Amino acid sequence: MQGPSSPIQSCAMADPREEETVSAEASGFSDLSDSEFLEFLDLEDAQESNALVNMPGPSSESLGKDDKPISLQNWKRGLDILSPMERFQLKYLYVTDLASQNWCELQTAYGKELPGFLAPEKAAVLDTGASIHLARELELHDLVTVPVTTKEDAWAIKFLNILSMIPTLQSEGHIREFPVFGEVEGVLLVGVIDELHYTAKGELELTELKTRRHPMLPLEAQKKKDCFQVRLYKYIFDAMVQGKVTPASLIHHTKLCPEKPLGPSVLRHAQQGGFSVKSLGDLMELVFLSLTLSDLPVIDILKIEYIYQETATVLGTEIVAFEEKEVRGKVQHYMAYWMGHREPQGVDVEEAWKCRTCTYADICEWRKGSGVLSSAVAPQAKKAK
């Protein structure tokens, strides 16, 4: 039954140039978290990958316009450039952005520079995975559609969903699609946790749903990417319930206007849920107060559940260990690219088999072994809209 506590699905009605408004999704952020976010090799294909490991790796130098050697490590020097965050006009990153770097960082860079390059068959796989995620969510609750007209309204939807889920989790209930956000290494990172529930022993468990196109578990390289993703979810969620995430940081990164009145549809739904608010700032105050006073524990167990898309049956589960120092180290390394402190890197020669199913293989200079990045990811000024 639909009601005030049902998660809200925003229906964007604003200027399409407002990125946050048009991308607002059912219960949080548009964080594509399915394991088929990228197409990967099947296990039988992996057996043929040895033929690729002898492909030329990136050379340390290549010739520039003046026929002088250009070092890959020094390709940025002497150039007036913008960081990837600035060049791609990003206010924040998704957890899946960093997880995809764990697979191939250069592929992630191409994906930002060339949006819409996704092959139709891969888009279809994503649609199937999203449908299974939605079906899982609808097992616990209905979705209520609320029109939004501003980015403040879109974020208000996320906050209202968090407020509706906290009491359920406090009473040891089962919730799905929980939005998470927090500043990590100077960058706002957002995502959506698939599922949170308590075990019979009273431990808070995170379950990440991954769907598979074929009835087999993924390669270890894919599992590695998935494991890093759920570790990031725990890292951010724990910071939220420990009071380490601040409204000031969120406003700084998103450029939201907390004083802006909420739209009539959002206000109406907030009132139905028992929340007396007028602006986004009022709602933010409630959310952060609820998070810090809720006594919600940190996540104890991380689990990945692999599902066969065709039958929706479980192929297997993976229990993921968490080591904060290791996670911080990887995050620092990945964020260095986004902040413009280093160039994006391709895969090691031992993992060159990943190139077999990469959308950008034909244009990737790293794969061609020339030792320089292609023009698609080379420094450039912001594009005019």
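Which residue forms a salt bridge with lysine 112? The first legend below gives the partner, and the structure shown throughout is a predicted model.

**Figure 1. The salt bridge between lysine 112 and aspartate 97.** The partner of lysine 112 is aspartate 97, and the closest N and O atoms of the pair lie 3.3 Å apart. This salt bridge links distant parts of the chain, since lysine 112 belongs to helix H5 and aspartate 97 to helix H4, 15 residues apart. Lysine 112 has a relative accessibility of 25% and therefore counts as partly exposed. Aspartate 97 has a relative accessible area of 8%, so this residue is buried; the cut-off for buried is under 20%.

**Figure 2. The contact of helix H4 with helix H5.** Helix H4 spans residues 95-103 and helix H5 spans residues 105-113. Their axes come within 6 Å and cross at roughly 135°. Because of this angle, H4 is oblique to H5. On the H4 side, the contact involves Asp97, Ser100, Gln101 and Trp103. These residues meet Glu105, Gln107, Thr108 and Lys112 of H5. By character, the residues of this contact comprise one nonpolar, four polar and three charged.

**Figure 3. The salt bridge between arginine 87 and glutamate 113.** In this pair, the closest N and O atoms are 3.8 Å apart. Arginine 87 lies in helix H3 (residues 84-87), whereas glutamate 113 lies in helix H5, so the salt bridge ties together parts that are 26 residues apart in sequence. Are these two residues buried or exposed? Both arginine 87 and glutamate 113 are buried.

**Figure 4. The salt bridge between lysine 303 and glutamate 205.** Here the side chains meet with an N to O distance of 3.3 Å. Lysine 303 is found in strand S9 (residues 301-308) and glutamate 205 in strand S8 (residues 204-212). The two residues are 98 residues apart, and the pair thus links distant parts of the chain. Lysine 303 is buried, as is glutamate 205.

**Figure 5. A network of salt bridges.** Which residues are joined into one network by salt bridges that share partners? The members are Glu208, Lys210 and Asp226. For the model as a whole, the count comes to 12 salt bridges. Among them are the pairs shown in the other views: arginine 87 with glutamate 113, lysine 112 with aspartate 97, and lysine 303 with glutamate 205.

Technical notes. Residues are numbered from 1 along each chain as its sequence is written. This is a predicted model: local features need pLDDT of at least 70, side-chain atom pairs count only at pLDDT 80 or more; totals for chains, interfaces and linings use all residues. Side-chain values use heavy atoms; hydrogens and water are left out. Axes are lines fitted to C-alpha atoms, for helices over the stretch in contact, and angles run from 0 to 180 degrees between N-to-C directions. Helices (H or I, at least four residues) and strands (E, at least two) are DSSP runs, numbered from the N terminus. Angles under 35 degrees count as roughly parallel, over 145 as roughly antiparallel, 65 to 115 as roughly perpendicular and the rest as oblique. Contact means heavy atoms within 4.5 Å. Ala, Val, Leu, Ile, Met, Phe, Trp, Tyr, Cys and Pro count as nonpolar, Asp, Glu, Lys and Arg as charged, and the others, Gly among them, as polar. A salt bridge is a side-chain nitrogen of Lys or Arg within 4 Å of a carboxyl oxygen of Asp or Glu. Buried means under 20% relative accessible area, exposed over 50%, partly exposed in between (1.4 Å probe, protein chains only).
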